[in-house]
Amino acid sequence: MADQREDDVAVATAPVADEENQSMAVTTTSSDVAAPTEKKVVKKIIRKKRRPARPQVEPDFFSNEPPPQTGTTFNIWYNKWAGGDHEAYQQTKSKGRCNVARDSGYTKADGVAGSYFCLFFARGLCPRGADCMYLHRLPGTYDISAPNVDCFGREKFSGYRDDMGGVGSFMRQNRTVYIGRIHVTDDIEEIVARHFAEWGQIERIRVLNSRGVGFVTYVNEANAEFAKEAMAHQSLDHDEVLNVRWATEDPNPMARAREARRIEEQAAEAIRRALPADFVAEIEGKDPEARKRRKLESSYGLEGYEAPDEIHFAQGANAVNPVGRQGFGLQYQEPPMLEDGTVGESDIPAAQEENRQQPPQSAGVFSSSTLAALSRAKVAVASKPAASASAGPLVAYDSDSDE
């Protein structure tokens with residue numbers, strides 16, 4: 001019985017020992033951690049292709065039919081029949097409207113510097129798309145055209161038309177458009193701002209609620225020109241047909257002062273870009289130490305003296321400020337040649353040494369080389385004997401003649 005119990009204990013303890021060995025083995029295996037491998041970071045440059053411009057209408061959309069006759073005489077200046085476009089019911093709604101988010105894209109004009117914007121794209125009627133020779137996008141901050149043309153390349157005139165339509169005038173920078181025939185509602189200001197903010201950054205909006213008239217001023221003149229063509233004969237949230245024209249000059253003195261201040265700030269910004277940054281900071285007082293350095297540097301050793309701006313910041317070979325003379329040094333001047341035109345390398349130091357010893361001579365008929373040759377020549381000149389001084393009472397009556 002005792003042997004049988006010992007066998008049972010041995011059998012019972014055997015699995016326990018095996019389990020301990022397995023757990024130890026598992027623990028030993030888990031302690032060996034492999035060294036982390038370095039991951040290679042691969043940078044991929046993803047270049048997004050620009051979207052081509054979308055054709056807004058089909059090529060056969062346009063017809064060569066003349067406009068319907070609403071008067072007796074067709075005016076080529078106003079592009080309408082005389083007496084036919086004065087009432088609201090005679091206005092026809094535009095056939096298309098530009099959607100910048102959907103229609104804009106690159107065209108052939110993007111590869112040509114100085115290209116103008118597409119007039120038909122602004123009106124939503126361009127059938128060419130990417131093959132158009134004009135830009136299909138909104139004007140930006142740096143899209144500045146000549147003063148005598150608008151952003152579409154059309155020539156301006158010296159004065160506005162009687163109805164303030166057309167291209168405009170080059171005599172005044174006009175950034176304000178007039179909007180008439182607006183459907184009067186309670187939220188008319190929000191409607192005008194939402195529709196006209198699509199064509200560029202707006203500076204100021206003024207709406208006359210009772211009259212259905214609004215004035216929108218853009219930051220850039222090119223955006224005002226684009227918005228005038230894009231919103232002409234369009235509708236807002238109702239079925240009205242807008243009358244978009246150039247706004248006349250505001251007679252308000254505050255508006256004139258604001259416009260003059262804006263022009264001054266624009267000129268000041270252009271000057272800031274042209275001048276060095278340290279000079280602009282010194283003028284505007286943004287650098288407190290610049291004034292102290294200026295007071296020390298512009299004295300030039302004279303106590304209490306401070307050179308003015310035109311002297312201190314002058315540039316050139318004759319500038320007083322050493323910084324202004326940098327890059328304007330005199331070029332190397334070759335030594336003067338003798339009259340025979342042959343100067344050896346050994347003669348140059350001797351000639352320079354001789355020039356140092358001789359005092360400077362004033363310019364005359366002979367050249368300096370001729371005078372130097374004459375001084376080296378030893379020519380004996382017979383001197384005339386001096387006449388003996390006469391004595392007697394008639395000394396003062398002497399004559400210049402020898403007789």
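This report walks through a four-stranded sheet, its neighbours and an aromatic cluster in a predicted model.

Residues are numbered from 1 along each chain as its sequence is written. Because the model is predicted, local features need pLDDT of at least 70 and side-chain atom pairs count only at pLDDT 80 or more, while totals for chains, interfaces and linings use all residues; side-chain values use heavy atoms, with hydrogens and water left out.

**The sheet**

Let us start with the strands, which are DSSP runs (E, at least two residues), as helices are (H or I, at least four residues), both numbered from the N terminus. Four strands make an open antiparallel sheet in the order 4-5-3-6, where two strands pair if DSSP finds at least two bridges between them. Strand 4 (202-208) and strand 6 (243-246) are the edges, each pairing on one side only. From one strand to the next, the twist averages 20 degrees. The table sets out the joins.

| Strands joined | Bridges | Residues standing opposite |
|---|---|---|
| Strand 4 and strand 5 (residues 213-218) | Six bridges | Arg206 and Phe215 |
| Strand 3 and strand 5 | Four bridges | Ile179 and Gly214 |
| Strand 3 and strand 6 | Four bridges | Tyr178 and Arg245 |

Helix 4 (residues 188-196) packs on this sheet and touches strand 3 (176-180), strand 4 and strand 5, contact being heavy atoms within 4.5 Å. The direction of helix 4 makes about 145 degrees with that of strand 4; axes are lines fitted to C-alpha atoms, for helices over the stretch in contact, and angles run from 0 to 180 degrees between N-to-C directions. Four of the five residues of strand 3 are buried (under 20% relative accessible area; exposed is over 50%, partly exposed in between, with a 1.4 Å probe and protein chains only).

**The aromatic cluster**

Phe121, Phe152, Trp199 and Phe226 form one aromatic cluster. Rings of Phe, Tyr and Trp (its six-membered ring) pair if their centres lie within 6.5 Å; planes under 30 degrees apart count as stacked, over 60 as edge-to-face and the rest as tilted. The count comes to four aromatic pairs. Phe152 and Phe226 are stacked, because their ring centres are 6.0 Å apart and their planes at 25 degrees. That pair links the loop between helix 3 (119-123) and strand 3 to helix 5 (residues 221-230), 74 residues apart. Phe152 has 7% relative accessibility, so it counts as buried, and Phe226 is buried at 0%. Trp199 and Phe226 are tilted, with 6.0 Å centre to centre and 40 degrees between the planes.
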